[in-house]
Amino acid sequence: MTRATGGSATDEAESSPPGTTAPGSQTLARGLSALQLVASSPTGLTVTQVADDIGVHRTIAYRLLSTLAQFRFIAKGEDGRYRSAAALALLGASFDNNVRQLCVPTLRGLADELGATVSLLVAEGDQQVAIAVMVPTNVYYQLSFHEGSRYPLERGAAGIALLASMPPRPGERELVDQTRQQGWVITHGEIEPNTYGLAVPVRRRPPSPPTCINLISHREDVVESGREAVMQAARELSTVLS
């Protein structure tokens, strides 16, 4: 995604711990780190802020950001701050055949119907990754977390639902097989203290990654009463994504 646009391998190696990756790999890793930082900042970042965050000299940060801007992943504003640009949106839309945008209408309706935060997560390696998070628009207080958040698969309702979409593993929790049988799972306090999670697998054909809808709330009654609605939404998404 990025390439060095000037300077030598010595420049790159001088600001990295010895014995890590080769200079070319360091440049790519730094470029991706810079891209992630800019993409996650709602107000944009300056060259100095990026340099400080990824631990490189300002001139190296400038070269990385200039290359990302050249490929239209980020853009420099009149205030000197770098922000996400159009190519990044196109890149994100390409993930899993634009699965996020296809699911947003169903997730938005579900969040407003139940007055609770709902999300879509996929399995990636040994982690669960949130690719869409919808908070309700009709309540004054709600739980939320960032899109792109990662947690171990073995924790929380979403992780269990994703594992239930996979073939059985040696030593897996009994709750995983129970979720395979009943099609839903509720946990309490496994990701955040005093928080209930309800997750329902979204049935998809391989090679699509295991996918689930997750609802979170401090209130057990909201989770319990929302189970049928979440299961219905999961069935709808199974059709949409088939």
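Where is the place of Pro 207? Pro 207 sits in the loop between β7 and β8, and the tour returns to that loop after the sheet.

**Before starting**

This is a predicted model, in which local features need pLDDT of at least 70, side-chain atom pairs count only at pLDDT 80 or more, and totals for chains, interfaces and linings use all residues. Residues are numbered from 1 along each chain as its sequence is written, and side-chain values use heavy atoms, with hydrogens and water left out.

**The whole chain**

Select the protein chain and display it as a cartoon. The chain contains ten helices and eight strands; these are DSSP runs numbered from the N terminus (helices: H or I, at least four residues; strands: E, at least two). Of its 242 residues, 43% are buried, where buried means under 20% relative accessible area, exposed over 50%, and partly exposed in between (1.4 Å probe, protein chains only). Among contacts (heavy atoms within 4.5 Å) with a separation of 6 or more, 53% link residues 24 or more positions apart. Switching to a surface view, the accessible surface is about 12700 Å², and carbon and sulfur atoms contribute 54% of it; these areas come from the Shrake-Rupley method with a 1.4 Å probe, and for residues only the protein chains shown count as cover.

**The sheet**

Next, select the strands of the open sheet. Six strands follow the order β5-β4-β3-β8-β7-β6, with antiparallel pairing; two strands pair if DSSP finds at least two bridges between them. At the edges are β5 (150–152) and β6 (185–188), each of which pairs on one side only. On average, neighbouring strands of this sheet are turned by 30° against each other, direction ignored.

Select 117–124 and 127–134: these are β3 and β4, joined in the antiparallel sense over seven bridges. One position to label is Glu 124, whose bridge partner in β4 is Gln 127.

Now add residues 227–240. This is helix α10, which packs on the sheet and touches β3, β7 (196–202) and β8 (211–217). The direction of α10 makes about 30° with that of β7; axes are lines fitted to C-alpha atoms, for helices over the stretch in contact, and angles run from 0 to 180 degrees between N-to-C directions.

**Three loops**

Return to the loop between β7 and β8, which holds Pro 207. A cis peptide bond joins Pro 206 to Pro 207, with omega about 10°.

Move to Asn 194, in the loop between β6 and β7. Asn 194 is not a glycine, yet its phi is positive, at about 60°. Its relative accessible area of 55% makes Asn 194 exposed.

Finish at Arg 72, in the loop between α4 (58–70) and β1 (74–76). Phi of Arg 72, also a residue other than glycine, is positive and near 65°. Arg 72 is exposed, with a relative accessible area of 55%.
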